[in-house]
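This report goes through the domains, two helices, the ligand shell and a few single residues of one protein. The sequence and structure are shown first.

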Amino acid sequence: MGKSLFSGENLTCIRGGRTVFIGLNFHLNESSALILEGPNGSGKSSLIRILSGLLRPRLGSLTWQEQDATKEPEIFQDHIHYIGHRNAIKLVLSVQENLSYWSGLNKDDPQLDKALDQFNMLPLKNTPANLLSSGQSRRLALSRLLASKRKLWLLDEPSVGLDIASVQLLEQAITKHRASGGSVIFATHSPIKVTTPTILNLRDYSPLYNRGLVNLDDEEECWI
Ligand SMILES: Nc1ncnc2c1ncn2[C@@H]1O[C@H](COP(=O)(O)OP(=O)(O)OP(=O)(O)O)[C@@H](O)[C@H]1O
């Protein structure tokens, strides 16, 4: 079993005045995969945003490599790749220019071709991004994962828009990443095959779906 990488304890998230989840715990080791499941609105994207440091939990703690990172997301932010629903692609640039811009690598760096090739985007290297289909745009976004190495991939519904062959390319990329010590957390509504994942179902922590949980809308305790 790998070393401990990232964990959260008693995490509570409130958005727009509503409690999204309460008392959520997770634990992720190196070389591991954590899959976030749960119905619409149960808080998968919110949790991923917390884990990428874009959103603060209302309560609870985050630990990165045994260091308390609750109030200092900078501790882990440099070690993660976050890919959300939007692909964050610059439409006026080509596929290759987008990857170069995003990764900070030179346009002729062989790493870029390797990353594009893994997601079968090499034939489209010089295509302007505004001409890409939605699945091709997603594949370009996913190529970033390989253009610069980060320990943890945080992926919000990464397979949306991908055809079956492209989902398999994503599965292969995850397998390779884990084999070299990397970890992945992803939210999904459709199957993405990975070996020995841990599953976290957000439904269990959502007052919207779980009437046993207390709603913390009027909770006084708050440190943000
Ligand atoms: N920017 C926001 N401001 C306020 N509330 C928000 C915001 N974004 C999401 N929410 C609320 O947070 C709750 C959880 O949403 P979230 O997107 O995290 O769920 P999800 O499990 O990812 O859903 P889905 O499966 O539909 O993608 C929802 O009730 C939603 O309305």
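## Ser166 and its surroundings

Ser166 counts as partly exposed, because 19 C-beta neighbours lie inside 10 Å. The model is a predicted one. Ser166 is located in helix 6. Leaving aside residues up to four places away in sequence, Ser166 touches Gly135 and Arg139. Arg138 is 28 residues from Ser166 along the chain, and the C-alpha atoms of the two are separated by 9.7 Å.

## Helix 6

Helix 6 covers residues 164-179. How does the distance between its end C-alpha atoms agree with the span its 16 residues should have? At 1.5 Å a residue the helix should span 22 Å, and the end C-alpha atoms are 23 Å apart, which agrees.

The buried residues of helix 6 are Leu170, Ala173, Ile174, His177 and Arg178. Viewed down the helix axis, these buried residues fall within an arc of 130°, so they line one face. In an α-helix there are 3.6 residues a turn, so residues three or four places apart point the same way. On the other side of helix 6, the exposed residues are Ile164, Ala165, Gln172, Lys176 and Ala179.

The cover over the buried residues of helix 6 includes helix 4 (110-118) and helix 5 (134-147), together with strand 3 (33-37), strand 7 (152-156) and strand 8 (183-187). After the helix comes Gly181, with a positive phi near 95°.

## Two domains

The domain assignment of the protein gives domain 1 as 1-79 + 151-219 and domain 2 as 89-149. Between the C-alpha centres of the two domains the distance is 26 Å. Ten residues from domain 1 and ten residues from domain 2 take part in the contact. Which element gives the most to the side of domain 1 that touches domain 2? Helix 6 does, with four residues. By residue class, that side of domain 1 divides into seven nonpolar, two polar and one charged.

Ile83 lies in strand 6, which is made up of residues 80-83. Ile83 is buried, because 21 other C-beta atoms lie within 10 Å and 20 or more are needed for that class. With residues up to four places away in sequence not counted, Ile83 touches Ala141, Leu142, Leu155, Asp156 and Pro158. Asn10 is 73 residues away from Ile83 along the chain, and their C-alpha atoms are separated by 25 Å.

## Helix 1 and the ligand

Is helix 1 largely enclosed by the rest of the structure or largely exposed? Six of its eight residues are buried, so helix 1 is largely enclosed by the rest of the structure. The buried residues in helix 1 are Lys44, Ser46, Leu47, Ile48, Ile50 and Leu51. They pack against strand 1 (4-15), strand 2, strand 3, strand 7 and strand 8. Gly53 follows helix 1 and has a positive phi, near 85°.

The ligand is surrounded by 13 residues, and the closest are Arg15, Gly16, Asn40, Ser45 and Ser46. Ser46 is also among the buried residues of helix 1. At least two residues of the shell come from each of strand 2 (18-29) and helix 1 (44-51). Helix 1 gives the most to the shell, with three residues. The shell residues divide into two nonpolar, eight polar and three charged.

## Residues with positive phi

Two residues other than glycine have a positive phi, Ser31 and Thr196. The loop between strand 2 and strand 3 is the place of Ser31. Thr196 sits in the loop between strand 8 and strand 9 (198-201). What is the burial class of each? Ser31 is partly exposed, because 18 other C-beta atoms lie within 10 Å. Thr196 is exposed, because there are 8 other C-beta atoms within 10 Å. The glycines that follow helix 1 and helix 6 are listed with these two residues below.

| Residue | Place | Phi |
|---|---|---|
| Ser31 | loop between strand 2 and strand 3 | about 65° |
| Gly53 | follows helix 1 | near 85° |
| Gly181 | follows helix 6 | near 95° |
| Thr196 | loop between strand 8 and strand 9 | near 40° |

Key
Residues are numbered from 1 along each chain as its sequence is written. This is a predicted model: local features need pLDDT of at least 70, side-chain atom pairs count only at pLDDT 80 or more; totals for chains, interfaces and linings use all residues. Domain bounds come from an automatic or database domain assignment. Two residues are in contact if their C-beta atoms, placed from the backbone, lie within 7 Å. Ala, Val, Leu, Ile, Met, Phe, Trp, Tyr, Cys and Pro count as nonpolar, Asp, Glu, Lys and Arg as charged, and the others, Gly among them, as polar. The expected span of a helix is 1.5 Å times one less than its number of residues. A residue is buried if 20 or more other C-beta atoms lie within 10 Å of its own, exposed if 12 or fewer, and partly exposed in between; C-beta atoms are placed from the backbone. The arc is that of the directions from the helix axis to the C-beta atoms. A residue is near a molecule or strand if its C-beta atom, placed from the backbone, lies within 6 Å of it.
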